[in-house]
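Got your viewer open? Load the model below and keep the selection tool handy.

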Amino acid sequence: MQDEYRTVAHAGVHETEVNRSRFLCALAPAATEQEAQDFIASVRKEHADATHNCWAYVIGADASVQKASDDGEPGGTAGVPMLQMLLRRDMRYVVAVVTRYYGGVKLGAGGLIRAYGGAVGEALDTLGTLTRRRFRLATVTVDHQRAGKVQNDLHSTGRAVRDVRYGEEVTIEIGLPDADVDAFRAWLADATAGTAGFELGGEAYGDA
């Protein structure tokens, strides 16, 4: 698994103009290929009168799914430069649609490549990105007497508490960077006089 990747925090649109052609870049997070395709369909519907609705998306922390479309622009001048910009910026789980309203001036292949790639780059800069880091899920079980102090200590040291469940014991789910697991285990034993349970789970990604 990748240690980290970047994505967009929320959907948004950024507009640029090149030689009288309007380029509207719509960006959105997409957890699955279906979500990316649904977003593309919604933008196409909204801008059905546009000259072109070119798109690109990258799904998977390791960029396992990469697709792009020129939507009628000369081959390789729109979707590919958009995809390359997403990859160059380490973007994952993201979809970009650049809508072009033709302004009457031909841009040529080089101009199109710069315009489409540039529209995505500017949109990323304007809308902002998030970094998500890989961590291990872990479960801490502790008695009710010590639970409050453990939770306070977790919050004060900036640990990511994902869930707390109250039963016979208190179960606290947290996220830990791999490198911190041994130190955390030692701290927990010390903080609870060895009474807390600690179990490592799978891997996930969270906001850095």
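We'll start with the whole chain, then move to one strand and its partners, and end at a helix.

**Stop 1: the whole chain**

Before you click anything, note that this is a predicted model. Colour by secondary structure and you should find five helices and ten strands in the chain. Now zoom out. The radius of gyration is 23 Å, well over the 17 Å that the globule rule gives for 208 residues, so the chain is more spread out than a compact globule. Turn on the C-alpha trace and line up its principal axes: the trace spans about 75 × 30 × 25 Å along them.

Switch to a surface next. The accessible surface of the chain comes to about 10500 Å², and carbon and sulfur atoms account for 47% of that surface. Of the 208 residues, 42% are buried. If you like contact maps, here's one to plot: take contacts between residues at least 6 apart in sequence, and 69% of them join residues at least 24 apart.

**Stop 2: strand S6**

Select residues 94–101, which make up strand S6. How many of its eight residues are buried? The count is eight of the eight, so S6 is largely enclosed by the rest of the structure.

Show the side chains. In a regular strand they alternate between the two faces of the sheet. Pick Val-94, Ala-96, Val-98 and Arg-100 for one side of S6, then Val-95, Val-97, Thr-99 and Tyr-101 for the other. Both faces are covered, and that buried set includes Arg-100.

**Stop 3: the strands paired with S6**

Keep S6 on screen and add residues 21–29, strand S3. S3 and S6 run antiparallel and are joined by eight bridges. To find your place in this pairing, click Ala-28, which stands opposite Val-95 of S6.

Then add strand S4, residues 52–59. S4 also pairs with S6 in the antiparallel sense, over seven bridges. Which residue of S6 is the bridge partner of Tyr-57? Tyr-57 is partnered with Val-95, the residue that Ala-28 stands opposite.

**Stop 4: helix H5**

Finally, jump to residues 181–191, helix H5. Highlight Val-181, Phe-184 and Leu-188, the buried residues of this helix. Look down the axis of H5: these buried residues fall within an arc of 60°, so they line one face of the helix. Now recolour Asp-182, Ala-183 and Asp-190, exposed residues on the face turned away from the buried side.

One last click, just after H5: Ala-193 takes a positive phi of about 50°.

Technical notes. Residues are numbered from 1 along each chain as its sequence is written. This is a predicted model: local features need pLDDT of at least 70, side-chain atom pairs count only at pLDDT 80 or more; totals for chains, interfaces and linings use all residues. Side-chain values use heavy atoms; hydrogens and water are left out. Buried means under 20% relative accessible area, exposed over 50%, partly exposed in between (1.4 Å probe, protein chains only). Helices (H or I, at least four residues) and strands (E, at least two) are DSSP runs, numbered from the N terminus. The arc is that of the directions from the helix axis to the C-beta atoms. Two strands pair if DSSP finds at least two bridges between them. The radius of gyration is taken over C-alpha atoms; the globule rule is 2.2 Å times the number of residues to the power 0.38. Contact means heavy atoms within 4.5 Å. Accessible areas come from the Shrake-Rupley method with a 1.4 Å probe; for residues, only the protein chains shown count as cover.
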